[in-house]
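I opened a new notebook page for this chain. My plan is to look things up one at a time and write down what I find.

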Amino acid sequence: MARKLLLGLLVVVFLLLLWITTAYFSWLSDTSSRLEAGSSVVATPSGEIEYALWGDSGPVLLFLHGTPGGYDQLSFLTGPAAIPEGYRVLAPSRPGYLQTPLAVGSTPVEQADAFADLVRTLGIDRVAVVGLSGGGPSALEFALRHPDLCSAHIQMMGVSRAMLPSEEAPDSLESTMTDDPASFTNRLLSSNFAGWVLLRLMRMDMAASLETAMPDPSNRERILEDPEKVDAFIAMADSAFALQESRRDGFLNDMSQFEDLKVTDLAAIRCPTRVVHGTADTNVPLAMGELVASGVPGAEIVRIEGADHFMPVSHAEEVATAVFGFVDTHTAARK
């Protein structure tokens with residue numbers, strides 16, 4: 001009897017392992033194919049850079065994704081925050097993410113210069129640069145160093161100075177697992193399999209996932225009551241955790257850069273600047289946005305009341321209006 005029970009248990013374990021293996025490798029293949037099909041890689045003077053370009057005509061937004069991420073992070077702009085007609089969005093993978101090697105540029109200055117090379121290589125005259133969270137430092141440097149290419153500059157919850165230990169908050173995709181970035185990387189970015197498991201768990205109980213990530217129940221409800229925002233949150237999570245081995249170098253580099261980030265010469269930025277920041281953002285505190293708004297001559301700030309670090313999803317409509325409206329105002333002609 002005991003032998004039969006043991007044999008039955010072994011069969012169950014074997015079938016479970018077979019299902020897990022099949023499901024994982026199917027996801028890995030599908031995800032790799034999807035990401036490769038959604039982007040292009042171009043040789044620039046700074047090296048090969050992966051990018052996606054959406055839209056047929058209109059002013060171009062250079063979207064610099066957060067930490068972790070990739071060109072696919074813009075995929076959360078769906079539903080009510082979809083890219084309006086008459087705009088184009090250029091979304092590169094920052095160095096160390098997906099198919100852009102870290103050798104292209106590790107510092108914000110080097111990355112800004114690499115993105116300028118990308119813009120010129122693609123034959124684009126001018127762009128409005130948007131720095132999301134961890135993409136903030138390179139967006140600041142782009143606005144400062146390449147005013148001939150920059151028609152407008154938007155900091156969306158952008159990092160603008162060194163992160164302090166007290167500012168490591170649990171309301172972000174980056175810091176959900178642990179307060180120690182190195183430990184987070186070792187555990188979560190150690191394998192693509194770990195990312196697959198996490199993403200499956202999130203999909204199994206979206207309410208619990210949001211509760212872990214977002215402290216304010218009203219912000220969680222904004223997402224849960226709108227299926228399009230649920231899809232957008234999942235897309236944002238995918239852009240952080242899917243194929244993590246291909247995002248690891250960029251994540252580790254960002255963490256290293258943020259520890260000793262030197263504020264750029266804000267007063268020397270002459271590009272029209274808008275800061276868009278949530279008042280309840282504890283991952284990248286509002287003070288970072290206010291630093292940019294007070295330091296860049298003529299800059300303005302849009303404070304989104306009660307929004308946290310997931311405001312591009314929870315407050316998608318307000319964010320889209322703040323971003324595209326500003327670009328429209330400061331773009332002389334659409335191409």
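**Entry 1: a loop residue**

In which loop does Leu 98 lie? I looked and found Leu 98 in the loop between β4 and α2. I note here that the model is predicted.

I then checked the backbone. Leu 98 has a positive phi of about 55°, although Leu 98 is not a glycine. I wrote down the background too: most residues other than glycine have a negative phi.

Is Leu 98 buried or exposed? The cut-off for buried is under 20% relative accessible area. Leu 98 has 16% relative accessibility, so Leu 98 counts as buried.

**Entry 2: another positive phi**

I turned to Met 157, which sits in the loop between β6 and α4 (181-188). Met 157 is not a glycine, yet its phi is positive, at about 55°. Met 157 counts as buried because its relative accessibility is 1%.

**Entry 3: a cis bond**

Which residues does a cis peptide bond join? I found Thr 67 and Pro 68, with omega at about -15°. Pro 68 lies in the loop between β3 and β4. For background, I noted that most peptide bonds are trans.

**Entry 4: the whole chain**

I stepped back and looked at the totals. The chain has twelve helices and eight strands. It has 335 residues, and 55% of them count as buried. The exposed area is about 14,300 Å². Carbon and sulfur atoms supply 57% of that area.

I also looked up the contacts with a separation of 6 or more. Residues 24 or more positions apart account for 78% of these.

**Entry 5: the sheet**

In what order do the strands of the sheet come? I traced β1-β2-β4-β3-β5-β6-β7-β8. The sheet is open, its eight strands are paired in a mixed way, and its edge strands are β1 (40-44) and β8 (300-304). Each edge strand pairs on one side only. Neighbouring strands are turned by 25° against each other on average, direction ignored.

I reminded myself that strands of a sheet pair through backbone hydrogen bonds, either parallel or antiparallel. Then I checked some pairs:

- β2 (residues 47-54) and β4 (residues 88-92) are antiparallel, with four bridges. Tyr 51 stands opposite Pro 92 in β4.
- β3 and β4 run parallel, joined by three bridges. Leu 62 stands opposite Leu 90 in β4.
- β3 and β5 are parallel, with five bridges. Leu 61 stands opposite Ala 128 in β5.

**Entry 6: inside β3**

How many of the five residues of β3 are buried? I counted five of five, so to speak a full row. Val 60, Leu 62 and Leu 64 point one way. Leu 61 and Phe 63 point the other way. This fits what I read about a regular strand, where the side chains alternate between the two faces of the sheet.

**Entry 7: helices on the sheet**

Next I looked at what packs on the sheet. Helix α2 (residues 108-121) does, touching β1, β2, β3 (60-64), β4 and β5 (127-132). The direction of α2 makes about 100° with that of β1.

Helix α3 (residues 136-145) packs on the sheet as well, touching β3, β5 and β6 (150-156). The direction of α3 makes about 155° with that of β6.

I checked how covered α3 is. Eight of its ten residues are buried. Among them are Gly 136, Pro 137, Leu 140, Glu 141 and Phe 142. What covers the buried residues of α3? I found that the cover includes β3, α2, β5, β6, α9 (248-259) and α10 (286-295).

**Entry 8: a helix pair**

Last, I looked at helix α6 (residues 206-213) and helix α7 (residues 217-224). Their axes come within 10 Å and cross at roughly 145°. The crossing of α6 and α7 is right-handed.

Which residues meet there? From α6 I listed Met 206, Ala 207, Leu 210 and Glu 211. From α7 I listed Arg 220, Ile 223 and Leu 224. The residues of this contact divide into five nonpolar, no polar and two charged.

Notes:
Residues numbered from 1 in each chain as written. Predicted model: local features only at pLDDT ≥ 70, side-chain atom pairs only at ≥ 80, totals over all residues. Heavy atoms only, no water. Axes fitted to C-alpha atoms, helices over the stretch in contact; angles between N-to-C directions. Helix = DSSP H or I, 4+ residues; strand = E, 2+ residues; numbered from the N terminus. Left-handed = near helix turned anticlockwise from the far one by under 90°. Contact = heavy atoms within 4.5 Å. Nonpolar A, V, L, I, M, F, W, Y, C, P; charged D, E, K, R; others polar. Pairing = 2+ DSSP bridges. Buried < 20%, exposed > 50% of the residue type's maximum accessible area, 1.4 Å probe, protein only. Areas by Shrake-Rupley, 256 points an atom, 1.4 Å probe, with all protein chains shown as cover.
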